[in-house]
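Hi everyone, thanks for coming. Today I'd like to walk you through one structure, starting with a whole chain and ending with a few aromatic rings.

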Amino acid sequence: MTITLWILQLLFIPVLSPVFIGLTRKIKAEFQNRKGASIFQPYRDLYKLFHKDEVISEDASWIFRMAPFVTFGVTLAIGACIPIVSSALSASPVGDFLVVIYLFALGTFWLALAGLDTGSAFGGFGSSREMMLAAFTEGGLILSLLTLVLLSGTTDLSSVATTMRSLPFSSIAPVAIALLAFAIALLSETARYPFDNPATHLELTMVHEAMILEYSGKRLALMEWSAANKYLLFLTLGATLFFPWGLAHTLSLGAIVVGLIILVAKVSLLCLCIATLESSISKLRIFRLPDLLFTSCLLGIIAIGLII
Amino acid sequence: MATFLLSQSGFFSMCILFMVGAFGSLAWMHDDVVANWWGNSFAALGSLVAFLCATTVLMSGSTPTYTIPTSFPLLQLSFHLDFLSAFFMAVVSLIAFLCSLYAIGYVRHLFGHYNIGLLGFFYNFFVLGTLAVVTAHTITLFLIVWEIMALTSYFLVSFEHRNKENIRAGFLYFIMTHTGTAFILLSFLLLYQATGAQDFTNMHLGSAAISPTLASIIFLTSLIGFGIKAGIVPLHIWLPSAHPAAPSQVSALMSGVMIKTGIYMLMRMYFDILPPGPVWWGVMILALGATSSLLGVLYALTEHDFKRLLAYHSIENIGIILLGMGSALIFTSYHQPELAMLGLMAALFHTLNHAIFKALLFLSAGATVSQMHTRNIEKYGGLIRYMPVTAACFLIGSMAISGLPPFNGFFSEWLTFQGMFAGVSLASPMKFLFVLSIVSLAFTSGLAAACFVKAFGAAFLARPRSDAVVYAREDSLLMKASMATLALLTVVVGFGAGAISNVLATIAGTTARFEGVRAMGTFSLPAASVRDGFAVLSMPLLLSIVVLGLVAAWALTEVASRKQKSVIDLTWDCGTALTRRMEITATGFSHSIIIVMRGVLRPTRQTEVEYHDAALRYFPKSSKVHFGVPDIYTNFYVRMSGGLSWLSREVRLMQNGNINAYILYILLALVALLVLISL
């Protein structure tokens, strides 16, 4: 039984992540009065990419070849660390929030190296910008999750999700502020507006797309897929930690099925929020972004200041 | 075997090995090859014996004392290996062993240019001096071996003396380290005056006689004295120029372990000798730690000199160690020794980790520098093809120093974070200081990752940026072997972090402050758990899920995309041929971060444009941008040395060459003395 649940937990992120990318695109298309592709289009894209030959730059080294496996593998590993199926399942000694944040950093590190490896000007600047954003995002991300950690008295994310359900009404203010800090970090980490434009290639402002510009075929598929995984991982973290209702706390089948359905609904709602946001604001200038990230960090400090 | 290692003869045979190495290589100095092998093999052998000694002490639990008999009452010379000393001795000797092996291959590129016998002489005495510093037990002996360490490292810094910069770097180091010695001497004399003891154990036993004010004065003088050696901001100015100047195995030792002797003595002073102090001690250390770590990494980002970049990262990591120590001191002041021990353990663990990965980084940087003959990484690029082992080692070191899991750096940063999380729950305004320290550590680790992406990317990835790159080769098996061992150690120490923490808890428990205290946490190989399960971390499990994730990603691709081909072709070039000038440079990479942080870094920028037609000023012929980030603290020292020169000039008026005047001075001094005595 537990084994089945573990398989469910590990498959949840990679199997469902493309649909939420598709969903976000679909909602954005609605905003633009377009019909838009089906929400299952990302699966077709992945299938197509996996069945294409790939071109690898002659300047690239094994770093470029290995990076997609690392970034994808890291998202799978994080999928095992955070509470998804049931908080009773994933109470493991790697559920520490710092582990999750630093595993994300490991993926970013390799992604940025891969961007540099081909010697293209696009990739280099993408990496430079990505590392700048990643470095300044870390403070806000750690502090926003630390607020929840301090409120619940444990750093284990599954236990945080459990205690978050029964918080007193008075702690709404710090949690709301921490959520704001987390939301800014989420947009930055998942390369969304106003940090990055996920829908464009060859724009001078692009960050994520610039780094993976040289990829094709199966390695591009892995890169796209791991970006989707990261998106879903962040949404799941937000949904289960800040809105903890519905998450199963036992290993009973009924609770888990209900919990997963509620999780999918919550994540879809968050996608709607992000798509709305992306359709209503413009991308910020690159040197305005650190201001936003420092704001996220400041919000985190305020949230912690309210509870200590 | 164990009894021999613990005996006096075991310890002194280690010293003799180093001396044989030193004088032997001096004697062989007409033959570079022999001098090199002789000096470095004896250094390696001596370090091996020292490592075995230290580990035997840690395992057997006995703490031996070795005394050199002298007939002068004030000159007591004795070594004492308690757990803290043995830990530092183990770290120093482990790194020194690998550096000596590396040096056998590395020094070859200096053959014929410099005196290798002299290098072996100073190198052996440097390692011996460092080992003696962490084991010396009496203040006289300590000052002697401290000076041996300082002087030999000065000669090693200015060893490649044909480069004027190295001479200057050595001079600055010489001045700074002796300023430090003056403060150390002052704090020792004050301690001696108050306690009447000459060795550290008796000083602690007599520490009740130290008044709180005197304790605070000693705290400050020792902080300045040992802080200069450790490279704490703002006492760090010698470090970024001295470490790169030395030959790379020496840079690795200086950065990896020599600056840790400063940390060792700070720990010895604050947790062993001095009585518990007021809260502001801890506050000061914590604030210095936060500043050092942030400024260290920010200045590192601005560097494109390979070894200077690493030297600035040493400042950053000393800052992280101080964060652990500072939390420990604050918790001690609030009577929470169980939490304080966590902080000290984090500091000790980061000391070990930083020694390993910084040595690894310096050795691999040294391997590239010896091939490229320049430390400017803008001239590198694409080295991963020509030096694959060095590149892989540098990559592992980069990930470890950036605190990425599953390497060792992650665990000590995690433990440092846990100490500070506990500080946030303190019932005092200090908790806000802890929040700020958490912020600084969070930004530090993010910026460190950015800096190492830059360093690794600019040096090893993409296309060569100068013609010299294609001639670079890995040329020595010993160099590769010692780097690979260090790389393996980052993984092994990361894997066994729980078990190692257990040993560190024992070591921290032997200091006077934590006698009989149990750290708030349980540590074992499978998992480390702190503050009654507040945070749990299993490094072996973490390593396995990362590996499993990688394997799964690879297997998935194999299944999904079996038949597809890979074609090697050009990088997409937008229709024009890509040249080496189109790649991003190290300076360009970190430019955006420098711009964001310009309020702190204050970069200078000068643009020179030359036009085809000077009157029209439309078509530039050439344009140059000078971009620099001066270390802001240098100004302070320049002003101070200006003041000193002024004072010296004024004093010179007294020395007018007139004998009559000198006799007058003597008379005046005599009268003043008599008046003083009669008072």
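**Chain B and its ring pairs**

Let's begin with contacts in chain B: take those between residues at least 6 apart in sequence, and 79% of them join residues at least 24 apart. Keep in mind that this is a predicted model.

What is chain B built from, in helices and strands? There are 25 helices and 8 strands. Its radius of gyration is 27 Å, and the globule rule gives 26 Å for 679 residues, which is close, so chain B is as compact as a globular protein of that length. If you lay the C-alpha trace along its principal axes, it spans about 95 × 70 × 60 Å.

Now, inside versus outside. Of the 679 residues in chain B, 58% count as buried. The chain exposes about 26,000 Å², with carbon and sulfur atoms supplying 68% of that. As for charge, chain B carries 36 positive side chains and 28 negative ones, and the centres of those two sets sit 5 Å apart.

OK, on to the rings. How many aromatic pairs turn up over all chains? The search of the whole structure finds 58. One of them is Phe294(A) with Phe443(B), an edge-to-face pair with 5.9 Å from centre to centre and 65 degrees between the planes. Why does this pair join two chains? Because Phe294(A) belongs to helix H11 of chain A, residues 289-307, while Phe443(B) belongs to helix H18 of chain B, residues 430-460. Is each partner buried or partly exposed? Phe294(A) is partly exposed, at 28% relative accessible area, whereas Phe443(B) counts as buried at 8%.

Here's another pair, this time within chain B: Tyr173(B) and Trp238(B). Their ring centres are 4.9 Å apart and their planes are at 35 degrees, so we call the pair tilted. Tyr173(B) lies in helix H7, residues 164-195, and Trp238(B) in the loop between helix H9 (212-230) and helix H10 (239-245), so the pair ties together parts that are 65 residues apart in sequence. Both are buried: Tyr173(B) has a relative accessible area of 0%, and Trp238(B) has 1%.

Last stop, a cluster. Which residues do ring pairs link there? They are Phe23(B), Phe121(B), Phe122(B), Phe125(B), Tyr154(B), Phe155(B) and Phe174(B). Have a look for them in the 3D view, and thanks for listening!

Conventions: Residues are numbered from 1 along each chain as its sequence is written. Chains are lettered from A and ligands numbered from 1 in the order in which they are written. This is a predicted model: local features need pLDDT of at least 70, side-chain atom pairs count only at pLDDT 80 or more; totals for chains, interfaces and linings use all residues. Side-chain values use heavy atoms; hydrogens and water are left out. Helices (H or I, at least four residues) and strands (E, at least two) are DSSP runs, numbered from the N terminus. The radius of gyration is taken over C-alpha atoms; the globule rule is 2.2 Å times the number of residues to the power 0.38. Buried means under 20% relative accessible area, exposed over 50%, partly exposed in between (1.4 Å probe, protein chains only). Contact means heavy atoms within 4.5 Å. Accessible areas come from the Shrake-Rupley method with a 1.4 Å probe; for residues, only the protein chains shown count as cover. Lys and Arg count as positive and Asp and Glu as negative; His and the chain ends are not counted. The place of a charge is taken as NZ of Lys, CZ of Arg, CG of Asp or CD of Glu. Rings of Phe, Tyr and Trp (its six-membered ring) pair if their centres lie within 6.5 Å; planes under 30 degrees apart count as stacked, over 60 as edge-to-face and the rest as tilted.
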